[in-house]
Amino acid sequence: MLDDVVVLLACPHCGADLDRAGNSLRCPANHVFDIARQGYVSLLSGGTKVVGDTAAMVAARAEFLEAGHYAPIAEAVATAVSSLAGCIVDVGAGTGYYLARALGGSDRVGVALDVSKYACRRAAKAHPRLGAVVADAWQALPVRSGAAAAVLNVFAPRNAAEMHRVLRPGGELVVVVPNSGHLAELVSALGLLNVDERKQERLTEQLADHFDLVSQETREFGLSLSPEEAVSVVAMGPSAWHADPEDLRARIADLPKPLTLTASVTVARYARRG
């Protein structure tokens, strides 16, 4: 856990600044949080009812992303924040894939927030200037007010008020959501969860009290996946909670090889209001 990241964090119990004390973080009120041997720290306040991604889901996501299948999305995210100097906070960061690419070779630091400890274990190693923190996106984020130049939110829950709070004046929020046609060929073949056609419209409405839309673009590209890669792309998403793994493998094995799919997402930039 980098000192450059620690100075950006806040105690989840009282909101005070945190300082390093050996292998722990401590606030003036003596709330103490141990840094795990894998390099992340849990700053959950009183637990959470949110069920984070399982070890299997995280492993599937790591394998799929590191193979470069979603590289065009990562490139769009990195481009969106390239002109912003300062800390980048990723809410719902998963394995840290998108945040690591947004940081690139710059001297900026990143804070990866995710409710899954399995995700944070991987995120802690995703980039040398990245710190991983277990946190619930629906609670107060354990980040100091105004600490971030940019907030990322890629396929993740959105707490508009908290993302606004941690952004500094002039900061920007970058949100990636799937379009209704995202992986549609696989969704229809397997009867998976559909994406709401009004998702982007509802997103802008959800953020309207705190953010102004600056720009949005559609990123659409083809994918050619092996059966195993197709299993991974399902296993890393929300459909994983509703699909039996063995049944999924059997059904995908019956589909044409390789699987030709379309990835379609919207990458939107929002300016912090106020």
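A residue counts as buried here when its relative accessible area is under 20%. Keep that cut-off in mind as we walk through this predicted model, starting with strand E7.

Strand E7 covers residues 130–134, and five of the five are buried, so the strand is largely enclosed by the rest of the structure. In a regular strand the side chains alternate between the two faces of the sheet. You can see that split in E7: Leu-130, Ala-132 and Val-134 point one way, Gly-131 and Val-133 point the other way, and all are buried.

So what sits beside E7? One partner is strand E4, residues 41–42, which runs parallel to E7 and is joined to it by two bridges. Look for Ser-42 of that pairing, which stands opposite Val-134. Another partner is strand E6, residues 110–114, again parallel, with five bridges to E7. Val-134 turns up here too, as the bridge partner of Asp-114. To get from E6 to E7, follow helix H5 (residues 117–123): E6, H5 and E7 make a right-handed β-α-β unit.

Now zoom out to the whole sheet. It is an open sheet of eight strands with mixed pairing, and the order reads E4-E7-E6-E5-E8-E9-E11-E10. Its edge strands are E4 and E10 (211–225), each pairing on one side only.

Stepping along that order from E6, we reach strand E5 (residues 88–91), which is parallel to E6 and linked to it by four bridges. Within this pairing, Val-91 has Leu-113 of E6 as its bridge partner. As for helices against the sheet, H8 (residues 199–207) packs on it by touching E9 (167–178), E10 and E11 (259–272), and its direction makes about 155° with that of E9. Helix H9 (residues 227–235) packs on the sheet as well, touching E10 and E11, with its direction at about 155° to that of E10.

Back to the strands, and on to E8. How many of the seven residues of E8 are buried? Seven of the seven, covering residues 148–154, so E8 is largely enclosed by the rest of the structure. E5 and E8 pair in the parallel sense over three bridges, and one pair to pick out is Val-89 with its bridge partner Val-151 in E8. E8 also pairs with E9 in the parallel sense, over six bridges. There, the bridge partner of Val-154 is Val-176 in E9. The chain makes the trip from E8 to E9 through helix H6 (residues 160–166), and this β-α-β crossover is right-handed.

Further along the sheet order, E11 is worth a stop for one residue, Leu-261, which lies in that strand. At 2% relative accessibility, Leu-261 counts as buried. Leaving aside residues up to four places away in sequence, Leu-261 touches Leu-183, Glu-185, Leu-186, Phe-221, Gly-222, Leu-223 and Leu-225. For a sense of distance, Leu-261 and Ser-215 are 46 residues apart in sequence and 26 Å apart in space, C-alpha to C-alpha.

Helix H9 deserves a second look, this time for its meeting with another helix. The axes of H2 (residues 55–66) and H9 come within 8 Å and cross at roughly 125°. H2 and H9 are therefore oblique to each other, and H2 passes H9 in a left-handed crossing. On the H2 side the contact is made by Met-57, Ala-60, Glu-63 and Phe-64, and on the H9 side by Glu-229, Ser-232, Val-233 and Ala-235. An α-helix has 3.6 residues a turn, so residues three or four places apart point the same way.

Which residues in H9 are buried? They are Ala-230, Val-231, Ser-232, Val-233 and Val-234. Their cover includes H2, helix H7 (184–190), E10, helix H10 (245–253) and E11.

Finally, there is a three-strand sheet to find. E1, E2 and E3 form an open sheet in that order, with antiparallel pairing. The edge strands are E1 (19–21) and E3 (32–34), each pairing on one side only. From one strand to the next, the twist averages 35°. Three bridges join E2 (residues 24–26) to E3, and the two run antiparallel. If you want a residue pair to anchor your view, try Arg-26, whose bridge partner in E3 is Val-32.

Methods:
Residues are numbered from 1 along each chain as its sequence is written. This is a predicted model: local features need pLDDT of at least 70, side-chain atom pairs count only at pLDDT 80 or more; totals for chains, interfaces and linings use all residues. Side-chain values use heavy atoms; hydrogens and water are left out. Buried means under 20% relative accessible area, exposed over 50%, partly exposed in between (1.4 Å probe, protein chains only). Two strands pair if DSSP finds at least two bridges between them. A crossover is right-handed if, with the strands pointing away from the viewer, the path from the first strand over the helix to the second runs clockwise. Contact means heavy atoms within 4.5 Å. Axes are lines fitted to C-alpha atoms, for helices over the stretch in contact, and angles run from 0 to 180 degrees between N-to-C directions. Angles under 35 degrees count as roughly parallel, over 145 as roughly antiparallel, 65 to 115 as roughly perpendicular and the rest as oblique. A crossing is left-handed if the near helix is turned anticlockwise from the far one by less than a right angle, and right-handed if clockwise.
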